[in-house]
Amino acid sequence: MFTLSRDRGGISFYPPYYDPSSSTTNRPYYYTTNRPYYYTTNRPYYYTTNRPTTKRPYYTTTKRPYYTTTNRPWTTAPATRGVSVCLRYLAESFSSLFTLSPSSRVPLQFGVGDAGSYVMTFTRYSYYSQYFRPNIKFWPNIRPDIWNRVCFTVDSMKNVAQVFSGSNISIRKRLPLQYVWSGEPVMDFSGFDGQLTDVQIWDYPLSYREVFNYMTSGFYAPYQGSALSWSYISYSPRGDALLEDTFELLGRQPISNRRRKKGRWPKKTRKFYNVWESKREQL
């Protein structure tokens, strides 16, 4: 898990194969060409057959506008059917939790409101926002733990979104604008004091069964995000960001370090790649 500071640190996550500095999603999301196209020919045309030769001028003039319009996302990845994000976090008070695809033309900001509500913002200037309140008990057999477990799904085909929190769900809501995820698998966290872990991104809307599987830490089968997985992830820290063992792992450690024998610590199975540490190793 990572411990972040509201005023002194943040962190960005992305796949090891992805280079955030080479992202081209700052280009316009849509492009339109609307300019006149002129085609004019004004020259004689001669043709000859077996009949007596005819020599006459042939004039053609075409002067009409030619329009082409293409409305498709200009991104580094093809358009997807939607996007789903899941994570576990602990925090006292904050407004913004993370930003999905921060370099795209339409970044998605996800934050926490009052009384357990969540808010999605679909522009850089908070013009389009949608609030969700996951207060409907849906899975009574999910046991609570120390983490706030939250998932949200966006279905671009139906233009609806939904938020899941532990055993509760929100109603499905129509979005204030047509949102198509750019495909940039980057999440940026900043602006709160607390811990976060188990960050996952899928490039499609999760089913209820898949959300339940995440909330129960893999009740049906091990899970792994299709666009970003916590088990294979890179990160770029900013300021005072700290990598630590999870609370569950810390709780299983022996009370006294004197009785601990060599090699008794649990092995870590997740692979992390710190960009700044790799740079220092090269130096």
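## A guided tour of the model

A search of the whole structure turns up three salt bridges, a salt bridge being a side-chain nitrogen of Lys or Arg within 4 Å of a carboxyl oxygen of Asp or Glu. Before you click on them, note that this is a predicted model, in which local features need pLDDT of at least 70 and side-chain atom pairs count only at pLDDT 80 or more, while totals for chains, interfaces and linings use all residues. Residues are numbered from 1 along each chain as its sequence is written, and side-chain values use heavy atoms, with hydrogens and water left out.

**Stop 1: the salt bridges**

Select aspartate 198 and arginine 88, whose closest N and O atoms are 3.0 Å apart. Aspartate 198 belongs to strand 18 (residues 194–202) and arginine 88 to strand 7, so this salt bridge ties together parts that are 110 residues apart in sequence. Strands here are DSSP runs (E, at least two residues), numbered from the N terminus. Are these two side chains buried or exposed? Aspartate 198 counts as buried at 5% relative accessibility, and arginine 88 counts as buried at 5% too. For these labels, buried means under 20% relative accessible area, exposed means over 50%, and partly exposed lies in between (1.4 Å probe, protein chains only).

Next, select arginine 238 and aspartate 188, which form a salt bridge with the closest N and O atoms 2.7 Å apart. Here strand 19 holds arginine 238 and strand 17 (residues 187–189) holds aspartate 188, linking distant parts of the chain, 50 residues apart. Arginine 238 is partly exposed, with a relative accessible area of 34%, whereas aspartate 188 is buried at 15%.

Now go to arginine 149 and aspartate 145, where the salt bridge has an N to O distance of 3.6 Å. Arginine 149 is buried at 7% relative accessibility, but aspartate 145 is partly exposed at 36%.

**Stop 2: the disulfide**

How many disulfides does a search of the whole structure find? There is one, counting pairs of cysteine sulfur atoms within 2.5 Å. Select cysteine 86 and cysteine 151 to see it, with an S to S distance of 2.1 Å. Cysteine 86 sits in strand 7 (residues 82–91) and cysteine 151 in strand 13 (residues 148–155), so the disulfide links distant parts of the chain, 65 residues apart. Turn the view to follow the S-S bond: its torsion is about 120°, so the disulfide is right-handed. Both cysteine 86 and cysteine 151 are buried.

**Stop 3: two loop residues**

Most residues other than glycine have a negative phi. Select alanine 115, which is not a glycine yet has a positive phi of about 55°. Look for alanine 115 in the loop between strand 9 (108–112) and strand 10 (118–121); it is exposed, at 71% relative accessibility.

Then select asparagine 159, also not a glycine, with a positive phi of about 60°. Asparagine 159 is in the loop between strand 13 and strand 14 (160–165), and is buried, with a relative accessible area of 8%.

**Stop 4: a pocket**

Finish at the second largest pocket, with a volume of about 220 Å³. Of its 13 lining residues, select Ser12, Tyr14, Pro20, Ser21 and Ser236, the closest to its centre. Strand 2 (9–14) and strand 19 (232–239) are the elements that give two or more residues to this lining. On a 1 Å grid over the protein atoms alone, a pocket is an open set of points with protein on both sides within 12 Å along at least five of seven lines, and lining residues have an atom within 4 Å of a point. Grid points are joined across faces, edges and corners, and the volume is the space filled by probe spheres set on the points, the probe being 1.4 Å.

How values were computed
Helices (H or I, at least four residues) and strands (E, at least two) are DSSP runs, numbered from the N terminus.
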